[in-house]
Amino acid sequence: MMNKELLSKQNFPVFDAYPGLAYLDNSATQQKPRQVIEAVNRYYCEENANPLRGLYELSVKATDAYEGARTAVKGFIGAKSEKEIIFTRNASESLNLIAYSWGRENIKADDEILVAVSEHHSDLLPWQILAKQKGAVIRYLECSQSGEYTAQALRKALTPKTKLFAVAQISNVFGRLNPIKEFTDICHENKTVIVCDGAQSVPHIPVDVQELGVDFLAFSAHKMLGPMGMGVLYGKEELLEKMPPFLSGGEMIEYVTREGATYAELPHKFEAGTVNAGGAVGLKAAIDYINELGFEAIERREDELTKLAFEGMKKIPYVNIIGADDPHDHHGILTFTIEGVHPHDIAAVFDSENIAIRAGHHCAQPLHQFLGVQSTARMSLAFYNDEKDIERFVSVLGSVRRKMGYGG
Amino acid sequence: MADNFYGEVLTDHNLHPQHKHELDCATCSQHGVNPSCGDDIVLNLEVRNGIIENGSFTGSGCAISQASADIMLDLIIGKTPEEAEHYKELFMKMISGGITDEELEELEEASALQSISKMPARVKCAALGWRTLETLLNFKEVKNEDINKG
Ligand SMILES: Cc1ncc(COP(=O)(O)O)c(C=O)c1O
C-alpha cells in the first residue's frame, strides 16, 4: 500500500461507524486499522489453540503465531533476544511486574526510588507501594514549568542510595521527549537502574533499547494501533534472569513437585497461565503497519498536524498551552486550559461538536499539583488525523468561552 | 456525541451565581467534594424555626456543579427541610432519568439539568450540591429546629 493510503482514516473502520468524529484522544488509546482487526480475526478463525501446550498441528500454529509476535517486537525495539521480551496486559502491568519482581529482591529499607514528577500514576503507584512495603523512600525529580528535565538536576538528585529511577520517554501531559540516553548514562554511573515508560513514545518515534541503554522499557499495544489487553515489558536479560517470577501457574514452570518448582526459562518464566495469543498477533499486525508506513512518515505527519493545531491555539488569547513553546516538542500532545472554563466543561462542549478530547488530571495528579492546576484538557493526535480534524478543533476551541456564556 | 447542555440558565447561574458567598449567620455548614474531578464546595444553611431562612455556597468546580448548587439554593431558600428533602428526591430522580413531566415542572430552573442524565460522567457534578444538602438535612440542628417549630 502507498504511504498516503496508510496514513488515511479510511483504514480505520470506527470512522465508518462514526463518520463525523474528530478523534483527538489518541494518547488514551488509538483506533485500530482494518489490518489489525483482520489479523486478530484470522488468528481466531484459522490458528487458535492453546499455545505452548498442545502436541498437535493447530497448537504448533498458535505457538508460532504467538512467538512470531515476540520476534516482531524484538526487532521493533532493537532488543538483543526474544528472552528480553515479556508479554503482559499493558504498560501498567509491565511496570508492576518490575516493582514486584525486581523490586522485592533489590529494594531495602532506606533505599531511594527516584520518580520524575510528571509520571503517569501507572509509573508511580507501583513504586509508592514498593517503598512502603520495604521502608524505602520515594523522591521526585522536578522539571521546569514547561516540562523540561535536565541532566544536571538528575545528577544532583541521585544519591548512593538511589536504586531506581523511573521516567517516561514522552510524558502524556507535556508530550516532550526526554533525553533518555543521557539519563541512562548518568544512572549507570551511579549504579542506578533506569525504568523507561514508553507508553507515549513507542507509538510515535523509533525506539531502540540498545541505543538508549535502558534497563527496562514498558509499553501498551492499544496505544499503537494494536488491541487492548496486550502489553510489553522489555528487560535486559541479565536482570530478568535474576528476577523471581511475578505471577505463578501453568506455563511458567519447568518441573513441579509437591515441595516446589523450578521455573521455565525466559521469557516464559514471567508469563503464567494461558497467554493472549490473539492480542500478540494483533500487536504484530500493528508493528507491520507502522513499519510499512515508516516512522519517518509518521513523525513528519504528526509534526505537521501538531504545528497546525499549536498555531491555531496560540491565536486564541484565553487558551494556555501547557509545556514547550515549540510545537515540535509536543509529539502530538497538546494539553491546555481555558481561562474561566473548567476542563470538564471544555470537553463537553467539544463532545457536542463530535470532537473527542480528554479532560481531567490524565492520571498525573502529582504533576498537576506541581503545576498548580486542578485539571487540564488535552487533545492528542495520531498520523491518521487530518487537517479537517484540526481545523474543527481550533474552531470549536475559539467558541468555548462564548458557549459558556462569556460575552464577546 | 451528546447535545450541548450549556443553555442560558446553566451558564448564567455559573457566571453570575446569586448565592455564592460566605454566610455569617449560617447555623450549619457542610463540605462536599468530587475527588476525581476536583469539584469542591461548602454549603451553608441558616435554619430557624423549621425554615431554611438563608443559604449560600463557596468553592470551585465545573460549570455544572456550580450552577446546580446555585439553582438548588434558589429552590430551597424559604422552604422547610422536608420540602428541601422532597426537591432533592425529585432532582436525583431526574438525573437518573426517571422523572415524570409534572415532577419536572416542580423543579423549575433545575429542570435545565435534565439532559445531564445522558452523561453518566457528569451526573456527580450536577448532584454535588444536592448530595451535600442531603448530609446537612440529616444534621441534628436541622432536625431539632424541625421539632422546635411545633
Ligand atoms: C505515560 C503513560 N504511562 C502509562 C500509561 C498506562 O498505560 P495502560 O493503561 O495501557 O497500562 C499511560 C496511559 O494512559 C501513559 O500515558
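**Ligand shell, interface and backbone of a two-chain model**

Q: How do you know that A:Gln200 makes a polar contact with an oxygen atom of the ligand?
A: An N or O atom in the side chain of A:Gln200 is 2.6 Å from a ligand oxygen. A polar contact is a pair of N or O atoms within 3.5 Å (within protein, one must be able to donate a hydrogen and the other to accept it, and residues adjacent in sequence count only if both atoms are side-chain atoms), so the A:Gln200 pair qualifies. This is a predicted model: local features need pLDDT of at least 70, side-chain atom pairs count only at pLDDT 80 or more, and totals for chains, interfaces and linings use all residues. Residues are numbered from 1 along each chain as its sequence is written, chains are lettered from A and ligands numbered from 1 in the order in which they are written, and side-chain values use heavy atoms, without hydrogens and water.

Q: What makes A:Ser92 and A:His222 polar partners of the ligand?
A: A polar side-chain atom of A:Ser92 lies 2.6 Å from a ligand oxygen. For A:His222 the value is 2.7 Å, again to an oxygen atom of the ligand.

Q: How do you know how much of the ligand the protein buries?
A: Alone, the ligand exposes 390 Å². The protein buries 87% of that. These areas come from the Shrake-Rupley method with a 1.4 Å probe (for residues, only the protein chains shown count as cover).

Q: Why are A:Asn90 and A:Lys223 counted as residues around the ligand?
A: Each has a heavy atom within 4 Å of the ligand, so each counts as near. The shell also includes A:Ala91, A:His120, A:Asn172 and A:Asp197. By class, the shell has two nonpolar, eight polar and two charged residues. Ala, Val, Leu, Ile, Met, Phe, Trp, Tyr, Cys and Pro count as nonpolar, Asp, Glu, Lys and Arg as charged, and the others, Gly among them, as polar.

Q: Why is the pair A:Asp345 and B:Arg122 called a salt bridge?
A: Their N to O distance is 2.8 Å. A salt bridge needs a side-chain nitrogen of Lys or Arg within 4 Å of a carboxyl oxygen of Asp or Glu, so the pair meets the rule. The count between chain B and chain A is one.

Q: What makes up the side of chain B that touches chain A?
A: The elements giving two or more residues are α1 (8–15) and α2 (63–76) of chain B. Helices are DSSP runs (H or I, at least four residues), as are strands (E, at least two), numbered from the N terminus. The largest share, three residues, comes from α1(B). By class, this side has eleven nonpolar, six polar and three charged residues.

Q: What makes A:Lys9 and A:Asp386 a link between distant parts of the sequence?
A: Their side chains meet in a salt bridge at 3.8 Å, N to O. A:Lys9 sits in the loop between α1 (3–6) and α2 (14–17) of chain A, and A:Asp386 in the loop between β15 (376–380) and α15 (387–397), so the pair ties together parts 377 residues apart in sequence.

Q: Why is the peptide bond from A:Leu266 to A:Pro267 worth a look?
A: Most peptide bonds are trans. The bond from A:Leu266 to A:Pro267 is cis, with omega near -5°. A:Pro267 is in the loop between β10 (261–263) and α11 (277–293) of chain A.
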